Structures are given as C-alpha cells and as structure tokens.
Amino acid sequence: MQQYETVVILTPLLSEEVAKEAIAKFTKILTDGGAEIVQEDNWGLKKLAYPIQKKTTGYYHLTEYKAPGDLINKLEVEFRRDERVMRFLTIALDKHAIAYNEKKRSGAFNQKKTKTEEAAG
C-alpha cells in the first residue's frame, strides 16, 4: 500500500458540524476501502490565496493515510460529486515526505536547540 496525503477545502457556508460530517463521510470511504488513517489535521476556516466560486475563505482538512491505489480514484469521484467540496489535492508521498511527516508529528521541529547544537549545526 502506498502512503497518500489529501487536502480538502470545503465551502465556508457550512456550519462546523456539517463540515465535520462531510469529512467523516470521506474518512468512512477510505476506511471502508481498506485504508489505514495515519493522521488527520483539521486546519479550520482559512483565507484562500485567490477567490474560488466567489468565496474568499474555506474549511481546510488534511488527511494522511495508507491505501491501495484504486481507492484514490473512488475517493476523488466522491469529492467531485459533493457540492460542499471546493478543491482537493491528493499526493502520493515518497520516503522523504513520509520521514518529514513523522518528524513533524513527533515534534522534532518545535524543539529549541541548545547553544552547543547551534554552534555545531
């Protein structure tokens, strides 16, 4: 199974509960298809870089998972059918991206360096 990362932008007209229901629907499609959810991260309501469908904000949600390749097509068809989804992007992660995400989850980037580590690095 390949490891993937999907970012979904939902329309800002949804309430917080409806946005969570939409994400739960997509997560259920993944788990029913045999995917293993590695991490989910709800970024909440964020400003868009450019207007999409005359909207300037959207609910962002990131999901990292391991899944068979044919499941991605099924998931993306569901994204296209759902009118709550404004944009989505699915990326197949390579070994470097997987290692980076594991370090990020463990908090390795948030630790302060000591003066000896700064001098050495």
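Let's start at a turn: strands β2 and β3 form a hairpin with two residues between them, and Q53 in that turn has a positive phi of about 55°. Strands here are DSSP runs of E of at least two residues, helices are runs of H or I of at least four, and both are numbered from the N terminus. The model is predicted, so local features need pLDDT of at least 70 and side-chain atom pairs pLDDT 80 or more, while totals for chains, interfaces and linings use all residues. Residues are numbered from 1 along each chain as its sequence is written, and side-chain values use heavy atoms, without hydrogens and water.

Eleven bridges hold β2 and β3 in an antiparallel pair (pairing requires at least two DSSP bridges between two strands). Within this pair, I52 stands opposite K55 of β3.

Step back, and the hairpin belongs to an open, antiparallel sheet of four strands, ordered β2-β3-β1-β4. Because β2 (36-52) and β4 (85-92) at the edges each have a single partner strand, one side of each lacks a neighbour in the sheet. At the β4 end, seven bridges join β4 to the antiparallel β1 (residues 2-10), and Y4 has A92 of β4 as its bridge partner.

Helix α2 (residues 69-81) packs on this sheet and touches β1, β3 (55-67) and β4, where contact means heavy atoms within 4.5 Å. Its direction makes about 170° with that of β4; axes are lines fitted to C-alpha atoms, for helices over the stretch in contact, with angles from 0 to 180 degrees between N-to-C directions.

Along the sequence, the whole chain reads β-α-β-β-α-β-α-α.
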